[in-house]
Amino acid sequence: MVIDRGMLDYVMERIRPQLQADGGDVEVTEIDDEKGIVYVALQGACVGCPMSSLTISQGIERVLKEHVPGVERVLPDLSGQESKEIEVTVLDDDGNITGTKKVSVDELMGE
C-alpha cells in the first residue's frame with residue numbers, strides 16, 4: 001500500500017505546532033511504502049530529550065496510524081547519528097515511566 005503523501009503532510013502540519021510550542025519540531029525524512037514506515041527527525045528542543053521516544057511512538061505514530069492509511073510504524077531517522085541505537089522510555093504495565101534504555105533499530109523493528 002502506498003502512503004498518501006498529501007494526507008501525511010496535512011496531518012504532520014497539525015502535529016507540528018504542538019512540538020513547536022515546546023521549542024521543538026519534526027521533519028519527515030523518508031517514507032518506506034513497502035513496509036509502511038515513516039522516518040522522522042526531531043529538531044530543536046526535541047533532540048536529546050528523554051521523552052523523544054514517547055513523542056514519536058505515543059504521539060506522532062499514534063496520530064499518523066489513525067489518520068493516514070498505510071502507516072504502520074514511525075521511527076526516528078538515525079542516518080545522521082554515529083550510533084544506530086536510540087534511548088527509549090520504559091513503561092510499567094500501568095503506563096508509568098520506570099526509566100530509559102538504549103535499543104537498536106533492529107530491535108525496534110523486531111528483527
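**Salt bridges, a kinked helix and two cysteines**

Trainee: At 18% relative accessibility, does Asp25 count as buried or exposed?

Mentor: Good place to start, and remember that this is a predicted model. The cut-off for buried is under 20% relative accessible area. Asp25 has 18% relative accessibility, so the word for Asp25 is buried.

Trainee: Which residue forms a salt bridge with Asp25?

Mentor: Look for a side-chain nitrogen of Lys or Arg within 4 Å of a carboxyl oxygen of Asp or Glu. For Asp25, the closest N and O atoms of the pair are 2.8 Å apart. The partner is itself buried, with a relative accessible area of 14%. That partner of Asp25 is Arg16.

Trainee: Which residues are joined into one network by salt bridges that share partners?

Mentor: Arg16 also meets the side chain of Glu13 in a salt bridge, at 2.4 Å from N to O. Glu13 counts as partly exposed, at 43% relative accessibility. Asp25 has a salt bridge with Arg16 too, so the shared partners give one network of Glu13, Arg16 and Asp25.

Trainee: By about how many helical turns are Arg16 and Glu13 separated?

Mentor: Both residues lie in helix α1. They are three residues apart there, which means a separation of about one helical turn.

Trainee: Which residue forms a salt bridge with Arg5?

Mentor: In this pair, the closest N and O atoms are 3.0 Å apart. The bridge links distant parts of the chain: Arg5 sits in helix α1, while the partner, 28 residues apart from Arg5, is in the loop between β1 and β2. Arg5 is partly exposed, with a relative accessible area of 36%, and the partner is partly exposed at 23%. The partner of Arg5 is Asp33.

Trainee: On which residue is the kink in α2 centred?

Mentor: Helix α2 covers residues 52–67 and has 16 residues. From its first C-alpha to its last, α2 reaches 21 Å, close to the 22 Å expected. The kink is about 35°. Its centre is one of the buried residues of α2, namely Glu61.

Trainee: How many disulfides does a search of the whole structure find?

Mentor: A disulfide is a covalent bond between the sulfur atoms of two cysteines. The sulfur of Cys46 has its closest cysteine sulfur in Cys49, at 6.5 Å, which is too far for a bond. The cut-off is 2.5 Å. The search of the whole structure therefore ends with a count of zero.

Trainee: Is Cys46 buried or exposed?

Mentor: Compare the two cysteines by their values. Cys49 is partly exposed at 27% relative accessibility. Cys46 has a relative accessible area of 10%, and because buried means under 20%, Cys46 is buried.

Trainee: Which residues make the nonpolar surface patch of about 250 Å²?

Mentor: Residues in a patch need over 30% relative accessible area. One member, Ile97, is partly exposed at 48% relative accessibility. Ile97 has its place in strand β5, which covers residues 97–104. Altogether, the patch is made by Met51, Leu91 and Ile97.

Note on methods
Residues numbered from 1 in each chain as written. Predicted model: local features only at pLDDT ≥ 70, side-chain atom pairs only at ≥ 80, totals over all residues. Heavy atoms only, no water. Patch = residues over 30% accessible without salt bridge, like charges linked within 9 Å, V, L, I, M, F, W, Y side chains within 5 Å. Areas by Shrake-Rupley, 256 points an atom, 1.4 Å probe, with all protein chains shown as cover. Helix = DSSP H or I, 4+ residues; strand = E, 2+ residues; numbered from the N terminus. Buried < 20%, exposed > 50% of the residue type's maximum accessible area, 1.4 Å probe, protein only. Expected span 1.5 Å × (residues − 1). Bend = angle between axes of the 7 residues up to and from the residue.
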